[in-house]
Amino acid sequence: MTQLAKDARCTTITTLRYHDANAAIEFLCDAFGFSRHLVVPGPGNTVAHAQLSFGNGMIMLGSHPHEGEFGKWIQPPQAPAMVNTHSVYVVVADVDAHHARAQACGANIIRPLTDQDYGGRDYSARDPEGYVWSFGTYDPWA
């Protein structure tokens, strides 16, 4: 069988769109601990493309609306329901410290710190534009 995955540092990267991508980058770095890997400015104080890293993982994001076909398919959660069609889970070393940092930066904690039956401890939060993020110590690779 043909090997489909490339031997890369990370083979799955989540892509998100934000109404205020510059503010989202600030929040994701300050509250959740992401680091700017690449930020490409767009016209009118928008973000054409950004890559934020966390450990050996990465997310990509940009401003909404975005021109082209891709911009029709990927949109931020919409008020009032703020329904997400997916959620991001990030493995962290110290979930209690991560939770405290996120809370101090104003993250909307929607599921409190919880010890899971299957192992690990985690919590979930919404970012300012409504995306749901979960952070925890459960490492499915271990």
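**Exercise 1. In this predicted model, find the residue that takes a positive phi in the hairpin of β3 and β4.**

Solution.
- Start with the two strands: β3 covers residues 47-54, and β4 covers residues 57-63.
- Look between them. The hairpin has two residues there.
- Check phi. Glycine 55 has a positive value, near 60 degrees.
- Now follow the pairing. β3 and β4 are antiparallel and share five bridges.
- One facing pair is serine 53 and methionine 58, the latter in β4.

**Exercise 2. Determine in which sense β1 and β4 run, and which residues of β4 partner threonine 15 and arginine 17.**

Solution.
- Locate β1 at residues 14-18.
- Count its links to β4: five bridges, with the strands parallel.
- Threonine 15 has methionine 60 as its bridge partner.
- Arginine 17 is bridged to glycine 62.

**Exercise 3. Give the strand order of the sheet. Why do β1 and β2 each have one side without a neighbour?**

Solution.
- Read across the open sheet: β1-β4-β3-β2, four strands with mixed pairing.
- β1 and β2 (35-41) are the edge strands. Each has a single partner strand, so one side of each has no neighbour in the sheet.
- Neighbouring strands are turned by 20 degrees against each other on average, direction ignored.

**Exercise 4. Is β4 mostly covered or uncovered? Which strands does helix α1 lie across?**

Solution.
- Take burial as under 20% relative accessible area.
- Five of the seven residues of β4 are buried, so defined. The strand is mostly covered.
- Turn to α1, residues 21-32. This helix lies across β1, β2, β3 and β4.
- Compare directions: α1 runs at about 5 degrees to β3.

Key: Residues are numbered from 1 along each chain as its sequence is written. This is a predicted model: local features need pLDDT of at least 70, side-chain atom pairs count only at pLDDT 80 or more; totals for chains, interfaces and linings use all residues. Side-chain values use heavy atoms; hydrogens and water are left out. Buried means under 20% relative accessible area, exposed over 50%, partly exposed in between (1.4 Å probe, protein chains only). Two strands pair if DSSP finds at least two bridges between them. Axes are lines fitted to C-alpha atoms, for helices over the stretch in contact, and angles run from 0 to 180 degrees between N-to-C directions. Contact means heavy atoms within 4.5 Å.
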